[in-house]
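Reader: I am new to reading models like this. Please show me one, and then let me ask about it.

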Amino acid sequence: MIELVGVRKVYRAGGKDREVLRGVDAAIGRGEFAAVFGRSGAGKSTLLNLIGGLDRDYQGSIRLDGQALETLSDRRLTALRGATAGFVFQNPVFLDHLPAWKNIAFAARFAGGPADRPSLLPLLARLGLEEYADARPNELSGGQQQRLAVARALAGKPKVLLCDEPTGNLDTETGSSLIQILRDLNIAGMTLVVVTHDERVAEAAGRFMYLSDGRLAEGGAS
Ligand SMILES: Nc1ncnc2c1ncn2[C@@H]1O[C@H](COP(=O)(O)OP(=O)(O)OP(=O)(O)O)[C@@H](O)[C@H]1O
Ligand SMILES: [Mg+2]
């Protein structure tokens, strides 16, 4: 489902080049649940953005659902991303003047699916947000917002869910319920790549990877 070969990423900041990824190799199969650990600044968010086709500025090869991203035009990459990848960002941003369900509707419409309120209620219900369909995102708690971010990512019917610290701002109990949601999605066949510092996510994931010194290693320290 995801294959990276010799992926390098250089950021230029303050007139200096910094190589954040220095040859990442990895293969994540369909239906796998991979947890990615690594220190702050190790390049985890950078890696997720590359896998999901949000950032084209890299060297090496990235295959997503069988297609080498570097060979695609911008237009085809956008189409592949829309059909394949759902992002749950580290700090989700919503349209706060719109109700929760409409925030999801945009993603559903972009994916070409039904985007009306009745069609989207089951998805909100699946994430325990049925009572909050008409609430504004800034009226939701942190944990509810995190679940809304998952709902938005799922609205596009992705094949891969890329999550960046989904339990980072949650208390133990709320975090556990989100992990259970990820686990259920995986059982239903979803491929998951979850960046995390949370041991419980690693336990839920079948696979555990560690990003350090610009390379991705299997297993490793936590
Ligand atoms: N747009 C950017 N321009 C320049 N440097 C960047 C940019 N984005 C990230 N970096 C640098 O790349 C490195 C990796 O950043 P990244 O956000 O991928 O880390 P991370 O592993 O997700 O960290 P955290 O756990 O704190 O979220 C950092 O040193 C950061 O300063
Ligand atoms: Mg990050």
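Reader: Is Asp65 buried, partly exposed or exposed?

Author: This is a predicted model: local features need pLDDT of at least 70, side-chain atom pairs count only at pLDDT 80 or more, and totals for chains, interfaces and linings use all residues. Residues are numbered from 1 along each chain as its sequence is written, and chains are lettered from A and ligands numbered from 1 in the order in which they are written. A residue is buried if 20 or more other C-beta atoms, placed from the backbone, lie within 10 Å of its own, exposed if 12 or fewer, and partly exposed in between. Asp65 has 14 C-beta neighbours inside 10 Å, so it counts as partly exposed.

Reader: Is Glu165 buried or exposed?

Author: Glu165 has a positive phi of about 50°, although it is not a glycine. Count its neighbours: 20 other C-beta atoms lie within 10 Å, so Glu165 is buried.

Reader: Which helix gives the most to the largest nonpolar core?

Author: A nonpolar core is a set of buried Ala, Val, Leu, Ile, Met, Phe, Trp, Tyr and Cys residues joined through C-beta atoms within 7 Å. The largest one has 59 residues. Helices are DSSP runs of H or I, at least four residues, and strands are runs of E, at least two, numbered from the N terminus. With 7 residues, the top contributor is helix H5.

Reader: Which element supplies the largest share of the shell around ligand 1?

Author: Strand S1 (2-13) and helix H1 (44-51) each supply at least two residues of this shell. The largest share is 3 residues, and it comes from H1.
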